[in-house]
Amino acid sequence: MPFDPNAAATDPDAIFGLPHTRETASIILIPVPYDATSSFGVGSSRAPEAIRCVSGQVDLFDRRFGAIHEKGIYMEPHPAEVLEWSRQARADSAPIIARGGPRAGDEDAVSRVDQLSSRVTSHVYMRCDETYGQGKTPGVIGGEHGVAYGLYKAAAERYPGVGILQIDAHMDLRPAYEGFVWSHASVMHNVLYDLDGVGRIVQVGIRDYCEREAALAEEHAADRVGPGQTSIATFFWDDIADERIGGGSWGVICERIITRLPEQVVVSIDIDGLDPSLCPHTGTPVPGGLNWDQLSLLLKMIKESDRVVVGFDLVEVCPSPIEGDSPIDAVIGSRVLYRLCGVV
Ligand SMILES: [Mn+2]
């Protein structure tokens, strides 16, 4: 039966019910069910499957982005080995996180977690690098934010000077949070210090951070770093909220955000950057953040700008742990994912 984009999805296993294969798709979604260092709510390792399961209810025609599905979207098979690494790492990390960090005697457990996390980032790097090699665009579905490091590395090698647009409540600039080098709260710190080739990190929605992270971002302001170094531009949510309450236009703010982006961009959406009503079960929800319409306009304006989106990640989506509970986190996640495909 030929594929009909106007009909209900008939293949419940395919992302968005689409008929594409790796060969016919231009966007390759890479599921990474790994969640080893979440400090509060856990379960983002269940997100790739949960998103796939509800994605059939997304209508394929999008008024803002058109017939996104015509680009061809394929999701790689669920990597059972990554989920197993997540379980193993969690067994070691959970008691350490419960105590707020490692104590004497925890060295072996911490190093086992770091080893598994670094195995995951290598896995993601190889999947993304292969995807680039085939002339296709990778989209990583986490899992915790740390897994996207492999994407940033692959993108930075292909597109030196690439920017990361990080929509997030957190700066993720902590060194080895709670003892773990590859912590979800450290991913941009690792980009700054371990990765060459990222031109700039532009952070939007930031509203929960420590003083040291803010100082680090300031030290890496564009006018304070040398050529070839990674700079940081942070749009704090407090400033955006105040401007909006004073009558400021979101469209003008979006223009300002886009101006700071290099020509080639990886869009990273940590779902906790959005208002928590859109992601109630995410690991570290924080009040405030972008609403749906603000995210939509920002993505649309990026698409219409001369910036080129060369990859994306969607991380920290966390389905409710209660069986039979509302699937709202995955439902919103699947719609964010579809629009991310639309910006590529
Ligand atoms: Mn994050």
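Strand 1 is a good place to start: six of its six residues are buried, so this strand is largely enclosed by the rest of the structure. Keep in mind that you're looking at a predicted model. The chain around strand 1 has ten helices and ten strands, and here's how some of those pieces fit together.

**Strand 1 and its neighbours**
- Ile 27, Leu 29 and Pro 31 point one way from strand 1, while Ile 28, Ile 30 and Val 32 point the other way. Whichever way they point, all of these residues are buried.
- One partner of strand 1 is strand 4, and the two pair in the parallel sense over three bridges. If you want to find a spot where they meet, look at Ile 27, whose bridge partner in strand 4 is Ile 73.
- Strand 1 also pairs with strand 5, again in the parallel sense, this time over six bridges. Here, Leu 29 stands opposite Gly 139 of strand 5.

**The sheet as a whole**
- In what order do the strands of the open sheet line up? Eight strands take part, in the order 4-1-5-10-9-6-7-8, and the pairing is parallel.
- The edges are strand 4 (73-75) and strand 8 (231-236), each of which pairs on one side only.
- Go from a strand of this sheet to its neighbour and you'll find a turn of 20° on average, ignoring direction.
- Strand 6 (residues 162-167) and strand 7 (residues 198-206) run parallel and are joined by six bridges. Gln 166, for example, has Gln 203 in strand 7 as its bridge partner.
- Helix 7 (residues 237-245) packs on the sheet, where it touches strand 7 and strand 8. The direction of helix 7 makes about 45° with that of strand 8.
- Helix 10 (residues 328-343) lies across strand 1, strand 4, strand 5, strand 9 and strand 10. Against strand 10, helix 10 runs at about 170°.

**Helix 3**
- How far apart are the end C-alpha atoms of helix 3? They're 38 Å apart, which agrees with the 39 Å that its 27 residues (107-133) should span at 1.5 Å a residue.
- The buried residues of helix 3 include Val 113, Leu 116, Val 120 and Val 124, but also Asp 114 and Arg 127.
- An α-helix has 3.6 residues a turn, so residues three or four places apart point the same way.
- The buried residues of helix 3 pack against several elements: strand 1 (27-32), helix 2 (80-98), strand 5 (137-142), helix 4 (149-158) and strand 10 (308-315).
- After helix 3 comes Gly 135, which has a positive phi near 75°.

**A cysteine in a loop**
- Cys 279 is found in the loop between strand 9 (264-270) and helix 9 (292-304).
- Is Cys 279 buried or exposed? It's buried, because 25 other C-beta atoms lie within 10 Å and 20 are enough to count as buried.
- Leaving out residues up to four places away in sequence, Cys 279 touches Ile 271, Asp 272, Leu 274, Pro 285, Val 317, Asp 329 and Ile 332.
- Cys 279 and Val 331 are 52 residues apart in sequence, yet their C-alpha atoms are 9.5 Å apart in space.

**The whole chain**
- A compact globule of 344 residues would have a radius of gyration near 20 Å, and the chain agrees with its 19 Å.
- Along its principal axes, the C-alpha trace spans about 60 × 45 × 40 Å.
- Buried residues make up 49% of the 344 residues.
- Take the contacts between residues at least 6 apart in sequence: 79% of them join residues at least 24 apart.

Definitions and conventions. Residues numbered from 1 in each chain as written. Predicted model: local features only at pLDDT ≥ 70, side-chain atom pairs only at ≥ 80, totals over all residues. Helix = DSSP H or I, 4+ residues; strand = E, 2+ residues; numbered from the N terminus. Expected span 1.5 Å × (residues − 1). Buried ≥ 20, exposed ≤ 12 C-beta atoms within 10 Å, placed from the backbone. Contact = placed C-beta atoms within 7 Å. Rg over C-alpha atoms; globule rule 2.2 N^0.38 Å. Pairing = 2+ DSSP bridges. Axes fitted to C-alpha atoms, helices over the stretch in contact; angles between N-to-C directions.
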